[in-house]
Amino acid sequence: MESISLSPQILFYIGALPITNSFLWAVVLSLFIMITTLIIRFSLKQVPGRLQNAFEILIEGAYSLVESVMGNEKKSKKIFPLVFTLFLFILMANMATFIPGQSAITIKTAGGMVPLFRAIIADYSLVFVMTIISVITTQIVAIIAFGPFGYIFKFINVIGIKNFFLELFKGKFKPGILAQGLLDLFLGLMDVVGELAKIVSLSFRLFGNIFAGEVLGAVFLFLAPFIAPLPMQFLGLLTAIVQAFVFSILTLIFIKMAGDTGEEELAEQN
């Protein structure tokens with residue numbers, strides 16, 4: 001049975017930089033996506049062919065979904081490239097694991113025989129980087145929406161405590177305002193935990209599902225190589241599509257929530 005490793009295997013070094021099999025696969029896939037995109041971009045026609053038609057339907061459907069969630073055309077145009085790129089890259093990375101024979105190609109390294117390619121999303125470092133990009137974008141949107149000080153005071157909410165002392169200086173002791181202020185401060189600090197938890201929830205969900213699929217596939221292939229892997233392959237195919245959608249739609253929702261100041265709802269009500 002093929003050994004199961006949590007970390008990707010090192011193929012060779014460029015200087016001091018180790019090149020792993022998942023990194024190599026990520027570079028190959030990124031080049032493929034960029035070249036395909038450029039080919040489609042420079043071969044657009046007034047009367048689209050089947051390939052152009054398929055891409056237009058996919059992009060228009062994705063943009064409509066983003067616009068329906070954001071509820072604002074201007075914001076949708078800004079955030080759509082990031083969300084759709086994440087979806088496309090994760091989907092292609094997951095689907096690449098179904099290319100027949102790619103996992104059987106091995107090369108000899110200093111550490112022994114290792115597979116030349118590995119599921120890209122089964123490398124946590126790449127998933128972590130994508131998650132960090134998603135969370136940092138969310139924080140930038142929040143800073144733009146609330147301003148730097150509004151963003152800080154969203155997490156360190158001392159307005160209630162300040163109001164309590166203002167009332168106290170006027171000779172009025174109101175413990176209810178102090179209690180509400182302390183509660184607001186506590187909830188603000190809990191929001192910091194919530195923002196950090198996004199990194200864990202987003203990255204572990206995607207990495208865990210894909211890596212678990214790799215492990216189960218290898219186990220079933222060893223136990224019953226001619227029958228059992230087929231249902232696992234169908235389940236893996238479903239997981240590959242669903243997880244790409246879940247990661248990108250959660251990123252979209254986090255960004256929407258981060259930039260939601262409530263002013264648009266008030267404008268609509270008025």
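**Exercise 1. Place Leu 86 in the fold: which helix holds it, is it buried or exposed, and what does it touch?**

Start with the helix: Leu 86 lies in α3, where helices (H or I, at least four residues) and strands (E, at least two) are DSSP runs numbered from the N terminus. A quick note before going on: this is a predicted model, with local features needing pLDDT of at least 70, side-chain atom pairs counting only at pLDDT 80 or more, and totals for chains, interfaces and linings using all residues. Residues are numbered from 1 along each chain as its sequence is written, and side-chain values use heavy atoms, with hydrogens and water left out.

Next, accessibility. Leu 86 has 8% relative accessibility, so it counts as buried (buried is under 20% relative accessible area, exposed over 50%, partly exposed in between, with a 1.4 Å probe and protein chains only).

Now the neighbours. Setting aside residues within four places in sequence, Leu 86 is in contact with Met 130, Phe 247 and Thr 251 (contact means heavy atoms within 4.5 Å). The C-alpha atoms of Leu 86 and Phe 245 are 9.1 Å apart, though 159 residues separate the two along the chain.

**Exercise 2. Follow Met 130 into the largest nonpolar core: how many residues does this core have, and which helix gives the most?**

First, what does Met 130 touch? Not counting residues up to four places away in sequence, the list is Leu 86, Phe 89, Ile 90, Ile 121, Leu 206 and Phe 247.

Then zoom out. The largest nonpolar core has 41 residues, and Met 130 and Leu 206 have the most contacts inside it. Such a core is a set of buried Ala, Val, Leu, Ile, Met, Phe, Trp, Tyr and Cys residues joined through side-chain atoms within 4.5 Å. At least two core residues come from each of α1 (21–41), α2 (50–70), α3 (73–96), α4 (124–155), α6 and α7 (229–258). The top contributor is α3, with 12 residues.

**Exercise 3. Work out how α6 is oriented against α5 and against α7.**

Take α5 (residues 159–169) and α6 (residues 175–223): their axes come within 7 Å and cross at roughly 160 degrees. Axes are lines fitted to C-alpha atoms, for helices over the stretch in contact, and angles run from 0 to 180 degrees between N-to-C directions. The two helices are therefore roughly antiparallel (under 35 degrees is roughly parallel, over 145 roughly antiparallel, 65 to 115 roughly perpendicular, the rest oblique).

Now α6 with α7: these axes come within 10 Å and cross at roughly 170 degrees, so this pair is roughly antiparallel as well. Among the α6 residues in the contact are Leu 202 and Leu 206, and α7 brings residues including Phe 247 and Thr 251. The contact residues split into 12 nonpolar, 4 polar and 2 charged. Here Ala, Val, Leu, Ile, Met, Phe, Trp, Tyr, Cys and Pro count as nonpolar, Asp, Glu, Lys and Arg as charged, and the others, Gly among them, as polar.

**Exercise 4. Describe the packing of α2 on α7: what is the angle, and which residues make the contact?**

The angle is about 35 degrees, with the axes 10 Å apart. From α2 come Leu 65, Val 66, Val 69 and Met 70; from α7 come Phe 245, Ile 249, Leu 252 and Lys 256. That gives 7 nonpolar, no polar and 1 charged.
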